[in-house]
Amino acid sequence: FHSRKLFAETYVPQPFCFAVRRTSSHGPEGTLSIEEMIAGGNGDSRIPTPIITITHGSAEPHTMMFPLSASTTISFNGERYLHGWLSHQFSGHSGPQVSLVARARQFSSMIVL
C-alpha cells in the first residue's frame, strides 16, 4: 500500500520471483526466486516468501559469455536487470534467512550462475 504513494509506477517494489523461459513465445521452464523465512501468525510456523526488490531493467542487447570447460564457452543474451533489496536488522535480532530457490518443471533444466 505505502509503495504506491512513495514510488513512481515503474519503480514500485516487486517480489523477486520470475518465470524462466527459453523465449517469450514458450511456456515457463521453471521459476527463480529469492526467499526469506517469515514467521507465521503465532510464531510457530515459518513460511518461505519472496523478498521485495526495487528493479531496473535494460533492454539494450548485450551478449554475455562464460566458460563451461577449457573447450566450451556458452554465450547468451537478453534483457538485463539490477535488483536492490534493503534488509532491516535491529539490535538483538539476527537478519532473515535468505535462500536462492530455482525450481525446474519435469523434464526441464536450467543453469544458475
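**Figure 1. Glu36 and its surroundings in the predicted model.** Setting aside neighbours within four places in sequence, Glu36 is in contact with Ile47, Pro48, Thr49, Ile51, Trp85, Pro96, Gln97 and Val98. This is a predicted model, so please read the distances and angles in these legends with that in mind. Glu36 itself belongs to strand 3. Its bridge partner in strand 4 is Thr49, a residue that also appears among the contacts of Glu36. Where is the nearest side chain of opposite charge to Glu36? It belongs to Arg46, 8.7 Å away. Glu36 is buried yet has no salt bridge; because a salt bridge needs a side-chain nitrogen of Lys or Arg within 4 Å of a carboxyl oxygen of Asp or Glu, Arg46 at 8.7 Å does not supply one.

**Figure 2. Strand 3 and its pairings with strands 2, 4 and 9.** Let us follow strand 3, residues 30-39, through its pairings. Strand 2 (residues 17-20) runs antiparallel to strand 3, and four bridges join them. In that pairing, Ala19 has Thr31 of strand 3 as its bridge partner. Strand 4 (residues 46-50) is also antiparallel to strand 3, with five bridges between them. Here Glu36, from the previous view, turns up again, with Thr49 of strand 4 as its bridge partner. Strand 9 (residues 98-104) pairs with strand 3 in the antiparallel sense over seven bridges. One residue to look for in this pairing is Ser33, whose bridge partner in strand 9 is Val101. As a reminder, strands of a sheet pair through backbone hydrogen bonds, either parallel or antiparallel.

**Figure 3. The open sheet of strands 1, 5 and 8.** Three strands make up this open sheet, in the order 1-5-8 and with antiparallel pairing. Which strands stand at the edges? They are strand 1 (14-15) and strand 8; each has a single partner strand, so one side of each is left without a neighbour in the sheet. Strand 5 (residues 52-58) pairs with strand 8 in the antiparallel sense, over five bridges. Within this pairing, Thr55 stands opposite His83 of strand 8, which leads us to the next view.

**Figure 4. His83 and its contacts.** His83 sits in strand 8, residues 80-84. Is His83 buried or exposed? Its relative accessibility is 29%, so it falls between the two and counts as partly exposed. Apart from neighbours within four places in sequence, the residues in contact with His83 are Phe16, Phe18, Thr53, Ile54 and Thr55. With Thr55 there is also a polar contact, side chain to side chain, at 3.1 Å. For a sense of the backbone spacing, the C-alpha atoms of His83 and Ile52 are separated by 9.5 Å, while the two residues are 31 apart along the chain.

**Figure 5. Two aromatic pairs.** A search of the whole structure finds two aromatic pairs. Phe16 and Phe18 form an edge-to-face pair, with 5.2 Å centre to centre and 90 degrees between the planes. Phe16 counts as buried because its relative accessibility is 10%, whereas Phe18, at 37%, counts as partly exposed. Phe66 and Phe76 also form an edge-to-face pair, at 6.1 Å centre to centre and with 65 degrees between the planes. This pair links distant parts of the chain: Phe66 is in strand 6 and Phe76 in strand 7, 10 residues apart. Phe66 is buried, since its relative accessibility is 14%, and Phe76 is partly exposed, with a relative accessible area of 36%.

**Figure 6. The hairpin of strands 6 and 7.** Strand 6 (residues 64-67) and strand 7 (residues 73-76) are the two strands to find here. A hairpin joins them through five residues. The two strands pair in the antiparallel sense over four bridges. Met64 stands opposite Phe76 of strand 7.

**Figure 7. Phe107 and its positive phi.** Our last stop is Phe107, in the segment after strand 9. What is the phi of Phe107 near? It is near 70 degrees, a positive value in a residue other than glycine. For context, most residues other than glycine have a negative phi. Phe107 counts as exposed because its relative accessibility is 80%.

Key:
Residues numbered from 1 in each chain as written. Heavy atoms only, no water. Buried < 20%, exposed > 50% of the residue type's maximum accessible area, 1.4 Å probe, protein only. Contact = heavy atoms within 4.5 Å. Polar contact = N/O pair within 3.5 Å; in protein donor to acceptor, adjacent residues only side chain to side chain. Pairing = 2+ DSSP bridges. Phe/Tyr/Trp six-rings, centres within 6.5 Å; stacked < 30°, edge-to-face > 60°. Lys, Arg positive; Asp, Glu negative; His and termini not counted.
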